[in-house]
Amino acid sequence: MSNPWIAIGALALVAVAIPVSMMVVSSLLRPSVPEQGKRAVYESGEVPTGDTRIKFNIQYYMVALLFVVFDIETVLIFPWTVIYQDAVAEVGLSRALLPMLAFIAVLVVALGWAWRNGAVKWVRSPRASAQRVEQ
């Protein structure tokens, strides 16, 4: 019998070798035409203006972070729902249900904490508030 780690190592080697070989072949075959337009910062064909350090609203990142948290929750709950009926038959209702209820309770507490600290409250810009008043 052969060691199963040999197959995993071979798969990892192939997974690294194929993209690296594609990049090497591509760099050897592509034409190299250096010009200043290719080295310039690309901004939709326009000449870049202004400072690159602009301030973004932190709410974008908070919403993205909350999305990731609850997306992971969905990924963990879905397989549990698929095996729930078999798990209840095998280990009983409390041993199948209580861990998932504890997991959901932790997430509800986290959502409550985020809500209390204003992570899910969208802050309106002064310009949007002014436009709403005018209408």
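The exercises below, each with a worked solution, concern a predicted model.

In this predicted model, local features need pLDDT of at least 70 and side-chain atom pairs count only at pLDDT 80 or more, while totals for chains, interfaces and linings use all residues. Residues are numbered from 1 along each chain as its sequence is written, and side-chain values use heavy atoms, with hydrogens and water left out.

**Exercise 1. State how many helices and strands the protein has, and where confidence is lowest and highest.**

Solution. Start with the elements: there are 5 helices and 0 strands, where helices (H or I, at least four residues) and strands (E, at least two) are DSSP runs numbered from the N terminus. Then turn to pLDDT, the predictor's confidence in each residue, from 0 to 100: its mean over the protein is 81, and 80% of the residues reach 70 or more. Confidence is lowest in helix 5 (residues 126-134), at a mean of 64, and highest in helix 1 (residues 4-29), at 94. Where pLDDT is low, the predicted coordinates should not be read in detail.

**Exercise 2. Determine which surroundings E73 has, and whether a salt bridge is found there or absent.**

Solution. First locate E73, which belongs to helix 3 (residues 58-91). Next, E73 is buried, a term for under 20% relative accessible area, with exposed meaning over 50% and partly exposed in between (1.4 Å probe, protein chains only). Contact means heavy atoms within 4.5 Å, and, leaving aside neighbours within four places in sequence, E73 is in contact with F103 and L107. Finally, E73 has no salt bridge, that is, no side-chain nitrogen of Lys or Arg within 4 Å of a carboxyl oxygen of Asp or Glu; the nearest side chain of opposite charge, R116, is 20 Å away, with Lys and Arg counted as positive, Asp and Glu as negative, and His and the chain ends not counted.

**Exercise 3. Describe helix 4, its buried residues and what follows the helix.**

Solution. Begin with the span: helix 4 (residues 93-116) has 24 residues and reaches 34 Å from its first C-alpha to its last, close to the expected 34 Å, which is 1.5 Å times one less than the number of residues. The buried residues of helix 4 are A96, M100, L107 and A114, and these pack against helix 3. After helix 4 comes G118, whose phi is positive, near 85°.
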